[in-house]
Amino acid sequence: MSVKLIIVDDHQMFREGLVNLLSASGKVEVLAQAKNGKEAVEKALQLKPDVVLMDIGIPIMNGVEATKKILQEDTDIKVLALSMYENKEYIKDILDAGASGYILKNSPFDQLLSAILSVSEGNKYLSKKVTDIIIQDYLTMNKGRRALNQLSERELEVLKLYAEGKTSSEIAGQLFISVKTVGTHKQHLLKKLKLKTNADIIKFAIKEGLVSGEF
């Protein structure tokens, strides 16, 4: 029994190429194509495919929002992201929206077909490159957390205040310590975190979720 599929992408030639390849496999039946997120939602809810092959950078409604809307209405439909983006944020956003997998457009066709079949059976699928990106992000995040664990409670306070744009004098006044002591804490935390400037402190704090980046 073939997998019923909808292809969502804003490039017609790319869509039609996929239709030909997937149809020729004998394992996939392409029910429809959609060139934007709005069409994707409408056709998915009308035709009830097994899998929606979803691009992210599509007009009117992007792939992340379209995925959310489809799965809010019908959790039996599976969404497989097919994207050119190797950015961890795009990967995280569409997986958080409920997509069952993520594969890059430069992947071999047989890998795409395997991904579609796997997702249709209720499995999760990430191509090797995407898995590597997620693992690297996890390791980087943990490295930052391990570095934070080296800081004393006071050093962490000073870090957060610098990251919020406070001056040494303002930090001294807020923590009821001398400016010299603030400077000492700053030198210690810079050394432990292997940072050099206030700009580095701000970037690190935002990355680790210590501040929002909106002051």
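Of the 215 residues in this chain, 41% count as buried. Keep in mind as you look around that this is a predicted model. The C-alpha trace spans about 75 × 30 × 30 Å along its principal axes, and the radius of gyration tells a matching story: a compact globule of 215 residues would come in near 17 Å, but this chain has 24 Å. About 11900 Å² of the chain is exposed, with carbon and sulfur atoms supplying 52% of that area. As for charge, there are 30 positive and 28 negative charges, and their mean positions sit 8 Å apart.

Now for the secondary structure. The chain has 10 helices and 6 strands. The strands make an open sheet with parallel pairing, in the order β2-β1-β3-β4-β5-β6. At its edges you'll find β2 (28-34) and β6 (125-126), each of which pairs on one side only. Further in, β1 (residues 3-8) runs parallel to β3 (residues 51-54), and the two are joined over 4 bridges. If you want a spot to zoom in on, take I6, whose bridge partner in β3 is V52. Contacts across the chain reach a long way in sequence, too: among those with a separation of 6 or more, 61% link residues 24 or more positions apart.

I6 also leads us to helix α2, home of K43. Not counting residues up to four places away in sequence, K43 touches I6, A32, Q33, A34 and K48. So is K43 buried, exposed or something in between? K43 is partly exposed, because its relative accessible area is 26% and that class lies between the 20% and 50% cut-offs. To get a feel for distances in this model, compare K43 with A205: they are 162 residues apart in sequence, and their C-alpha atoms are 43 Å apart in space.

One of those K43 contacts, K48, deserves its own stop. K48 lies in the loop between α2 (37-47) and β3, and at 44% relative accessibility it counts as partly exposed. Its backbone is worth a look as well: K48 has a positive phi of about 55° although it is not a glycine. Most residues other than glycine have a negative phi. K194 is another non-glycine residue with a positive phi, in this case about 60°. You'll find K194 in the loop between α9 (179-193) and α10 (198-207). K194 counts as exposed because its relative accessible area is 76%, over the 50% cut-off.

Back at K48, there's a further residue to meet. D74 is in contact with L45 and K48, leaving aside its neighbours within four places in sequence. D74 itself belongs to the loop between α3 (63-73) and β4 (78-83). Why does a residue in this loop count as buried? D74 does so because its relative accessibility is 11%, under the 20% cut-off.

Our last stop is helix α5 (residues 109-120), where S118 is found. S118 is buried too, since its relative accessible area of 17% is under 20%. Setting aside neighbours within four places in sequence, S118 is in contact with N123, K124 and Y125. That brings us back to the sheet, as the edge strand β6 covers residues 125-126.

Technical notes: Residues are numbered from 1 along each chain as its sequence is written. This is a predicted model: local features need pLDDT of at least 70, side-chain atom pairs count only at pLDDT 80 or more; totals for chains, interfaces and linings use all residues. Side-chain values use heavy atoms; hydrogens and water are left out. Buried means under 20% relative accessible area, exposed over 50%, partly exposed in between (1.4 Å probe, protein chains only). Contact means heavy atoms within 4.5 Å. The radius of gyration is taken over C-alpha atoms; the globule rule is 2.2 Å times the number of residues to the power 0.38. Accessible areas come from the Shrake-Rupley method with a 1.4 Å probe; for residues, only the protein chains shown count as cover. Lys and Arg count as positive and Asp and Glu as negative; His and the chain ends are not counted. The place of a charge is taken as NZ of Lys, CZ of Arg, CG of Asp or CD of Glu. Two strands pair if DSSP finds at least two bridges between them.
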